[in-house]
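Biologist: Hi! I'm new to this one and would love a friendly tour. Could you bring it up for me?

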Amino acid sequence: EKIRHDPIQTETGPSALREMLREARQRLDEDRQILVFPEGTRRAPGAPPTYKPGILMLYDQLDVPCVPLALNSGLFWPRRSIIRHPGTIIVEFLPPLPAGLKRKDFGARLEEAIETASESLRREALSKQAQLAQARARIADVRASRAASQAERRTLATQLDRLEGALQAGLTAVDRLTSLRARERALAQT
């Protein structure tokens, strides 16, 4: 079955919260799950969280467990951008928070769970990115070294060819000189 997306019109104020609660109850009556981003939008990785009161109201009014989830998507799909960067987005489902907690306790536990896990995913992804960057640098160094080695081999081969040519020319000159001296001696004896 398709996922239904119900955007919240936050600019309508309290009536938006009432509408969100009505739609959430309807989804539960349909035996569907509700996915809520407690901040309402994406934020830059590592930026301080700003959880909205709507999540607290939904938790309090619906009286159902809440399964927090952490993700690292902000590293690869930045806020307010259509540009996506290569990488693997991880979505981690965390242990459920039971229904019936006091609002303040729920809010603190939710934020702690999500922020701790999200930070861990962010660090893991950054570590992998750093490892990939190091591997790419090593590959580039090896390629440069191979290219340099190939260039050095070509230069050395050219120098050897020249030296061989000079040596051959020198041997030819020595042979000619030897031949000329032998003729000179022969002429001197006659």
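Modeller: Here is the chain, and we can go through its layout, its salt bridges, its surface patches and a few single residues. Please keep in mind that this is a predicted model.

Biologist: Good to know. How many helices and strands does the chain have?

Modeller: The chain has 3 helices and 2 strands. Going from the N terminus, the order is α-α-β-β-α.

Biologist: And is the chain a compact globule or more spread out?

Modeller: More spread out: the radius of gyration is 38 Å, well over the 16 Å that the globule rule gives for 190 residues. The C-alpha trace spans about 130 × 30 × 25 Å along its principal axes.

Biologist: What share of the residues is buried?

Modeller: Buried residues are 19% of the 190 in the chain. Several of them sit in helix 2, where Gly54, Ile55, Met57, Leu58, Tyr59 and Leu62 are buried.

Biologist: What happens just after helix 2?

Modeller: There you meet Asp63, which takes a positive phi of about 50°. Asp63 lies in the loop between helix 2 and strand 1.

Biologist: Why would you point out a positive phi?

Modeller: Because most residues other than glycine have a negative phi. Asp31 is another case, with a positive phi near 60°. Asp31 is in the loop between helix 1 and helix 2.

Biologist: Is Asp31 buried or exposed?

Modeller: Asp31 counts as exposed, because its relative accessibility is 72%.

Biologist: Let's switch to charges. How many salt bridges does the structure hold?

Modeller: It holds 8 salt bridges. One of them pairs Arg103 with Asp60, with the closest N and O atoms 3.9 Å apart. That pair links distant parts of the chain, since Arg103 is in helix 3 and Asp60 is in helix 2, 43 residues apart.

Biologist: Are those two partners buried or exposed?

Modeller: Neither one; they fall in between. Arg103 counts as partly exposed at 38% relative accessibility, and Asp60 is partly exposed with a relative accessible area of 39%.

Biologist: Which residue does Arg122 pair with?

Modeller: Arg122 forms a salt bridge with Glu119, and their closest N and O atoms are 2.8 Å apart. The two are separated by about one helical turn, because they are 3 residues apart in helix 3.

Biologist: Why does that spacing matter for which way residues point in a helix?

Modeller: An α-helix has 3.6 residues a turn, so residues three or four places apart point the same way. As for cover, Arg122 is partly exposed at 22% relative accessibility, and Glu119 is partly exposed with a relative accessible area of 23%.

Biologist: What about Arg43? Which residue is its salt-bridge partner?

Modeller: Arg43 forms a salt bridge with Glu39, with the closest N and O atoms 2.8 Å apart. Glu39 is buried, its relative accessible area being 12%.

Biologist: Which residues are linked in a network of salt bridges?

Modeller: Glu19, Arg22 and Glu23 are linked that way.

Biologist: Now the surface. Which residues form the positive patch?

Modeller: The positive surface patch is formed by Arg42, Lys52, Arg79, Arg80 and Arg84. Lys52 is in the loop between helix 1, residues 14–29, and helix 2, residues 53–62. Lys52 is partly exposed, with a relative accessible area of 41%.

Biologist: And which residues make the nonpolar patch?

Modeller: Val67, Ile89, Val91 and Phe93 make a nonpolar surface patch of about 380 Å². Val67 is in the loop between helix 2 and strand 1, residues 69–71, and Val67 counts as partly exposed at 46% relative accessibility.

Biologist: You mentioned strand 1. Is Leu69, which sits in that strand, buried or exposed?

Modeller: Leu69 counts as buried, at 19% relative accessibility. The cut-off for buried is under 20% relative accessible area, so Leu69 falls on the buried side.

Biologist: Last one: how far apart are Leu69 and Arg143?

Modeller: From C-alpha to C-alpha they are 42 Å apart in space, and in sequence they are 74 residues apart.

Biologist: Thanks, that was a helpful tour!

Definitions and conventions. Residues are numbered from 1 along each chain as its sequence is written. This is a predicted model: local features need pLDDT of at least 70, side-chain atom pairs count only at pLDDT 80 or more; totals for chains, interfaces and linings use all residues. Side-chain values use heavy atoms; hydrogens and water are left out. Patches are made of residues with over 30% relative accessible area and no salt bridge: like charges are joined within 9 Å, nonpolar side chains (Val, Leu, Ile, Met, Phe, Trp, Tyr) within 5 Å. Accessible areas come from the Shrake-Rupley method with a 1.4 Å probe; for residues, only the protein chains shown count as cover. A salt bridge is a side-chain nitrogen of Lys or Arg within 4 Å of a carboxyl oxygen of Asp or Glu. Lys and Arg count as positive and Asp and Glu as negative; His and the chain ends are not counted. The place of a charge is taken as NZ of Lys, CZ of Arg, CG of Asp or CD of Glu. Helices (H or I, at least four residues) and strands (E, at least two) are DSSP runs, numbered from the N terminus. Buried means under 20% relative accessible area, exposed over 50%, partly exposed in between (1.4 Å probe, protein chains only). The radius of gyration is taken over C-alpha atoms; the globule rule is 2.2 Å times the number of residues to the power 0.38.
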